[in-house]
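Work through the exercises below with the model open. Try each task before reading its solution.

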Amino acid sequence: MTQVEAPAWTPMTAQEREAFDRDGYIVVPSVLSESEIEAGRAAILGYYEKQKSEGKLSATGALHQLSPIAHVPELAFLIDHPKAFKYIWSLLGWNLHIYHSHIDVHPQLHEKQKDWWHWHQDGGRQNREIETDPRPMLSVKLAYWFSDVSETGRGNFTVLPGSHKTNWLPGPPSRGVPWPQPEGATQITANAGDLVVFDRRIWHARSDNYSDITRVGAFFGYTPRWIAMRDENAELPNTPAWNDLNDVQKQLLGGFGNGDGDHQWGHYPETTPLYGALKERGLLDSSIPALIP
């Protein structure tokens, strides 16, 4: 299990919150140490090579693996890394879990791809079935980078800044129709070890990687526990890796409350690990509704 170089827990700053609310995302440099970058990258690429040997990659040689902790438990240090996790509890509070996560490896493309429309908001049916305008945030995602995407054209995370408060984006009549990128599309540049924190509602896509640098990233989406998990972690408690997790990590992976609705609704804060961790550190800021018990 990777040992995190753990600083004291602190909330996100007022300036970060303002930028996040305005743009729908923030880029946080140098969140991971060199040893953490090395450990995370080695774990992801090790799994990638295993999938490659079993013929399980895409036609372009890419990997998109859901529920990564169930497959690569060495990455568990990322889910509550204090330099990154502070943005999650600052925005969403203590009654949360990871509902959708994935690791991605995209090697160089050698043939020009069609301009397929990949723009979307996270959340699936939430974007069809919630009738408010704008729809609520509901979840926040952390994107860790384990490769150099400091230049565009390397499979960069691409966004429309400020679009998180826009319910609909003009696009093609169906996904199978090539379509130009929306005006204002911005490829986010970052170094290995940097973090992107983004509102699930921001319209985003991945750019094609034509560089000789293999794109490697890990993405973790957090949401209140009263929203069902997409991740499939049911077997995790039966693995040796489970015993190496702390209680907050177990909560984030769906391991607290025995699946009962009242606990997931947040009726029992004192037996919810993240609540206890925040209370112990004096971080239950009463000015933030999601942090109030």
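**Exercise 1. Is L138 buried or exposed, and what is the sign of its phi?**

Solution.
- This is a predicted model, so all values come from its coordinates.
- Take the relative accessibility of L138: 15%.
- Buried means under 20%, so L138 counts as buried.
- Now take the backbone. Phi of L138 is positive, about 65°, although the residue is not a glycine.
- Place L138: the loop between α5 and β4.
- P134 is found in the loop between α5 (126-129) and β4. The peptide bond from D133 to P134 is cis, with omega near 0°.

**Exercise 2. Classify S30 as buried or exposed, and locate it.**

Solution.
- The relative accessibility of S30 is 52%.
- The cut-off for exposed is over 50%, so S30 counts as exposed.
- S30 lies in the loop between β1 (25-28) and α2 (34-53).
- S30 is not a glycine, yet its phi is positive, near 55°.

**Exercise 3. What type of aromatic pair do F85 and Y222 form, and which elements does the pair tie together?**

Solution.
- Describe a ring pair by the distance of the centres and the angle of the planes.
- The model holds seven aromatic pairs.
- For F85 and Y222 the centres are 5.9 Å apart and the planes meet at 40°.
- Stacked needs under 30 degrees and edge-to-face over 60. The F85 and Y222 pair is therefore tilted.
- F85 sits in helix α4 (residues 82-92) and Y222 in strand β9 (residues 215-224), so the pair ties together parts that are 137 residues apart in sequence.
- F85 and Y222 are both buried.
- Ring pairs join F85 and Y222 with W9 and W89 in a cluster.
- R281 lies over the face of W9, 4.1 Å from the ring centre.

**Exercise 4. Which type of pair do Y144 and F220 form?**

Solution.
- The ring centres of Y144 and F220 are 6.3 Å apart, and the planes stand at 75°.
- That angle is over 60 degrees, so the pair is edge-to-face.
- Y144 is in strand β4 (residues 140-145) and F220 in strand β9; 76 residues separate them.
- Y144 and F220 are both buried.

**Exercise 5. Where does R206 lie, and which residues does it contact beyond its neighbours within four places in sequence?**

Solution.
- R206 is in strand β8 (residues 204-206).
- Its relative accessible area is 34%, which makes R206 partly exposed.
- Outside its sequence neighbours, R206 is in contact with H106, G155, N156, T158 and R215.
- The side chains of R206 and H106 share a polar contact of 3.4 Å.
- R206 and F157 are 49 residues apart along the chain, but their C-alpha atoms are separated by 5.0 Å.

**Exercise 6. What is the volume of the largest pocket, and which element gives the largest share of its lining?**

Solution.
- The volume is about 700 Å³.
- The lining has 26 residues; H64, H100, H102, H120 and D122 are the closest to the centre.
- β2 (63-66), β3 (96-106), β8 and β9 each give two or more residues to the lining.
- β3 gives the largest share, five residues.

**Exercise 7. Which residues of helix α8 are buried, and what covers them?**

Solution.
- In α8 (residues 273-280), P273, L274, Y275, A277 and L278 are buried.
- Their cover includes α4, β3 and α6 (247-252).
- Just after α8, G282 has a positive phi of about 70°.

Note on methods
Residues are numbered from 1 along each chain as its sequence is written. This is a predicted model: local features need pLDDT of at least 70, side-chain atom pairs count only at pLDDT 80 or more; totals for chains, interfaces and linings use all residues. Side-chain values use heavy atoms; hydrogens and water are left out. Rings of Phe, Tyr and Trp (its six-membered ring) pair if their centres lie within 6.5 Å; planes under 30 degrees apart count as stacked, over 60 as edge-to-face and the rest as tilted. Buried means under 20% relative accessible area, exposed over 50%, partly exposed in between (1.4 Å probe, protein chains only). A charge sits over a ring if NZ of Lys or CZ of Arg is within 6 Å of the ring centre and within 35 degrees of the ring normal. Contact means heavy atoms within 4.5 Å. A polar contact is a pair of N or O atoms within 3.5 Å; within protein, one must be able to donate a hydrogen and the other to accept it, and residues adjacent in sequence count only if both atoms are side-chain atoms. On a 1 Å grid over the protein atoms alone, a cavity is a set of points where a 1.4 Å probe fits but cannot get out, and a pocket is an open set with protein on both sides within 12 Å along at least five of seven lines; lining residues have an atom within 4 Å of a point. Grid points are joined across faces, edges and corners, and a volume is the space filled by probe spheres set on the points.
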